[in-house]
Amino acid sequence: MAEPRMPARSRKPGDVVIRRQRLRQQHITVRPRRTVRQGLSPPVILIVGFIALIALGTALLSLPVASDSGRWTNLETSLFTATSAALVTGLVVVDTSTYWSGFGQGVILLLIQTGGLGFMTGATLLFLIAGRRLGLRERLLLRDSVGSFELGGVAGIAVRIAVLTLLVEAIGAAVLLANFAVQSEQVIESAWPAVFLSVSAFNNAGFDLSGGFKSLTIFHGDNLTLLVVAILCAIGGTGYFVLAEMYRKRSLIRLSVDSKIVLSAMLTFSVLGAVVILIAEHANPATLGELSWPEKLVHSFFQSVSSRTAGFTTIDMSQMTDHSLFYTIGPMFVGGASGSTAGGIKLNTFTVLLFAILSALAGKGFASAFRRTLGAGLVNRSLTIALLSVVLVFAFAFALATTEEAPFLWILFETVSAYATNGLSTGITRDLSFTGRLLILAAMFVGRLGPLTLAIYMASRPTSSRVNYPEEPVRIG
C-alpha cells in the first residue's frame, strides 16, 4: 500500500508519490436520434409505376389526335383502354381498329409493350441508357419483379429480356407480314397490323385490329396466322428464365424443378383444354360444328392455348356452351408462368399446390415434386396467393352481379378474365354500366399486381418465428 504524500522538502529516496487527477466539468450535448427515412417498398414502387403508366396513357388517348373522329375521348373510355393495355388484358369498350387513329393505336401498342416487359425492367433499361449504376435497392426490385432467384447480373437479365422480346416480336411480325401480303397483295398496308398483332400476341394482351369486336375470327381458315399467334402467346407465357434454361442445358432431365413445373403444366393444360373444347363444341353449329375435323382440332388447340394466357379467340365466346365457358374459367384463373407476360395466379403457384395435395394423399409429411422437396414456406405462400385470389374474384363477381343484368356465368367469366388479365369476353364488356366498368378496372389492376406484390411482400418477410405455440389438433373433413 502506498504511503501518503509528503512535502517535497522531507522526501527521501524510495518514497512513493501519488498524484491525484483533478476532475474538470465537461458539458455533453445529447442530440436526438436521427430518423432514417425509409424509401418506398418494392411493391409500392411497382404499383406507383403502373399507376403513372396508366395515367400517361389515359392522357394521350384522351387527345383528339388519338381518335379516328378527331374528337376528344371521354375519361371513362380512355382510362379503361389505357388500363387494359398497360395491364395487358385486352378487354375493350370501343373497337380498337375503328375507334382509334394510328396515333391512338400506337399509344396502345406502347402501353402493351411497357406493361408486358414490366415496369422495373423498362426502368432498368433507362438507368443503363442514362449511364446510371444500379443500386442494391433497384437490383432487389428488379430481381423480384422478373422472378429471378439470383441478385447478381440482374441488369444483364433485363437487357436479355428486352432483346429476346424484340427479337421474337420482329420474327413474328415478319412472318405475319409475309402471310398478309400474299393474301392481300398490299405489303405497306399489311405492315402495321402484322406488327400490332405480333406485339400483342407475345405480350398476351389480346388486342387486335380485326374490327367489329371480332378478335381473330376473320382468320378462321388461316392456319399459318393462328399457328404464329399461338407460338407467340406460348413463348410470352413461358417466360425468359424457362426459355433461357432450356437453351443453356438443352436437356429436359437437367432442368430445374421450376422449369419442369412450368413446362409440364403448360403441356397438360394445352392438351386437356383442347380435348374438353373439342368434345363440348364439336357439334355446336355456332362454334365448331360446321368445320371439318382437322379445322376443329386446330381451333380447339388454339382456343386452349389462348384461353389460358392471351385472350384471342377464333369463335364467338357468347355462343359457346355453358360447360365450355365454365371450364375456360379454370385455365384463365391459373394463367401463365411466373416472370412471364401472362397473368393469373401463375402456373407455378397452382402446380406447387397440386403437388402438395398429391404428397398429402400419398401420406408424405412434406410436399415434393420431381424428387425434390418443396419448402413449407413455398407451399404456404402459394396457398395464400391462391385462396386470396379466390376471395377477390368472388367479391368482384358478387359486386358485378348486383350492378349488371347478365347471366351470372357470363359475369363470373368476365370477372375472372379481368382478374387474370386474360381478355376473353362474352361480349358484355362494352355494355357494362359505369359502376361495372370501374369494378372491371379494379379487378384488372388487383389481378395484375396483386399476386406479384403479395409474393414480393411475403418473400421479404422473415419466415422464422422466435415463439412457438403449443400444438393442438383441429377437426377437418
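In this predicted model, Glu76 is partly exposed, with a relative accessibility of 28%. Glu76 forms a salt bridge with Arg437, and the closest N and O atoms of the two side chains are 2.9 Å apart. The partner, Arg437, is buried, at a relative accessible area of 12%. Because Glu76 belongs to helix H2 and Arg437 to helix H17, the pair ties together parts of the chain that are 361 residues apart in sequence. Side chains of opposite charge can pair when their charged atoms come close.

The structure holds two salt bridges. Besides the pair just described, Lys249 forms a salt bridge with Glu245, with the closest N and O atoms 3.0 Å apart. Lys249 and Glu245 both lie in helix H10, separated by four residues, or about one turn of the helix. An α-helix has 3.6 residues a turn, so residues three or four places apart point the same way. Lys249 is partly exposed, with a relative accessible area of 24%, whereas Glu245 counts as buried, at 6% relative accessibility. Helix H10 spans residues 240-249, and Tyr240 and Val242 are buried in this helix as well as Glu245. After H10 comes Arg250, which has a positive phi near 55 degrees.

The nonpolar interior was examined next. The largest nonpolar core contains 36 residues, of which Leu61, Phe80, Ile108, Ile112, Phe207, Ile440 and Met444 touch the most other members. Two or more residues of this core come from each of helices H1 (42-62), H2 (75-86), H4 (102-117), H8 (187-202), H15 (376-403), H16 (408-419) and H17 (434-460). In soluble globular proteins, nonpolar side chains tend to be buried together. Beyond residues up to four places away in sequence, Phe80 touches Leu91, Val92, Val93, Thr429, Arg437, Ile440, Leu441 and Met444. Arg437, one of these contacts of Phe80, is also the salt-bridge partner of Glu76. A second, separate core comprises 23 residues, including Leu288, Leu325, Met332 and Val416.

Two residues in loops illustrate the surroundings of buried positions. Ser101 is placed in the loop between helix H3 (96-99) and H4. Its relative accessible area is 13%, so Ser101 is buried. Apart from residues up to four places away in sequence, Ser101 touches Val65, Ala66, Ser67 and Asp68. Ser101 and Leu61 are 40 residues apart in sequence, and their C-alpha atoms are 9.8 Å apart in space. Asn422 is found in the loop between H16 and H17. With a relative accessible area of 1%, Asn422 is buried. When residues up to four places away in sequence are not counted, Asn422 touches Thr89, Ala205, Ser306, Ser307, Arg308, Thr309, Ala310, Gly311, Met332 and Ser417. Among these contacts of Asn422 is Met332, which is included in the second core.

Helix H7 (154-184) contributes to several features. Glu169 lies in this helix and is buried, with a relative accessible area of 5%. Neighbours within four places in sequence aside, Glu169 is in contact with Gln113, Ser198, Val199, Phe202 and Asn203. The C-alpha atoms of Glu169 and Asn203 are 9.2 Å apart, while the two residues are 34 residues apart in sequence.

On the surface, Leu167, Ile171, Val175, Leu224, Leu227 and Ile231 make a nonpolar patch of about 520 Å². Helix H7 (154-184) and helix H9 (223-238) are the elements that give two or more residues to the nonpolar patch. Val175, found in helix H7, is partly exposed, with a relative accessible area of 34%.

Aromatic pairs number seven in the model. The rings of Phe180 and Phe219 have centres 5.6 Å apart and planes at 15 degrees, so the pair is stacked. This pair links distant parts of the chain, with Phe180 in helix H7 and Phe219 in the loop between H8 and H9, 39 residues apart. Phe180 and Phe219 are both buried, whereas Val175 in the nonpolar patch is partly exposed.

Notes: Residues are numbered from 1 along each chain as its sequence is written. This is a predicted model: local features need pLDDT of at least 70, side-chain atom pairs count only at pLDDT 80 or more; totals for chains, interfaces and linings use all residues. Side-chain values use heavy atoms; hydrogens and water are left out. A nonpolar core is a set of buried Ala, Val, Leu, Ile, Met, Phe, Trp, Tyr and Cys residues joined through side-chain atoms within 4.5 Å. Buried means under 20% relative accessible area, exposed over 50%, partly exposed in between (1.4 Å probe, protein chains only). Contact means heavy atoms within 4.5 Å. Patches are made of residues with over 30% relative accessible area and no salt bridge: like charges are joined within 9 Å, nonpolar side chains (Val, Leu, Ile, Met, Phe, Trp, Tyr) within 5 Å. Accessible areas come from the Shrake-Rupley method with a 1.4 Å probe; for residues, only the protein chains shown count as cover. A salt bridge is a side-chain nitrogen of Lys or Arg within 4 Å of a carboxyl oxygen of Asp or Glu. Rings of Phe, Tyr and Trp (its six-membered ring) pair if their centres lie within 6.5 Å; planes under 30 degrees apart count as stacked, over 60 as edge-to-face and the rest as tilted.
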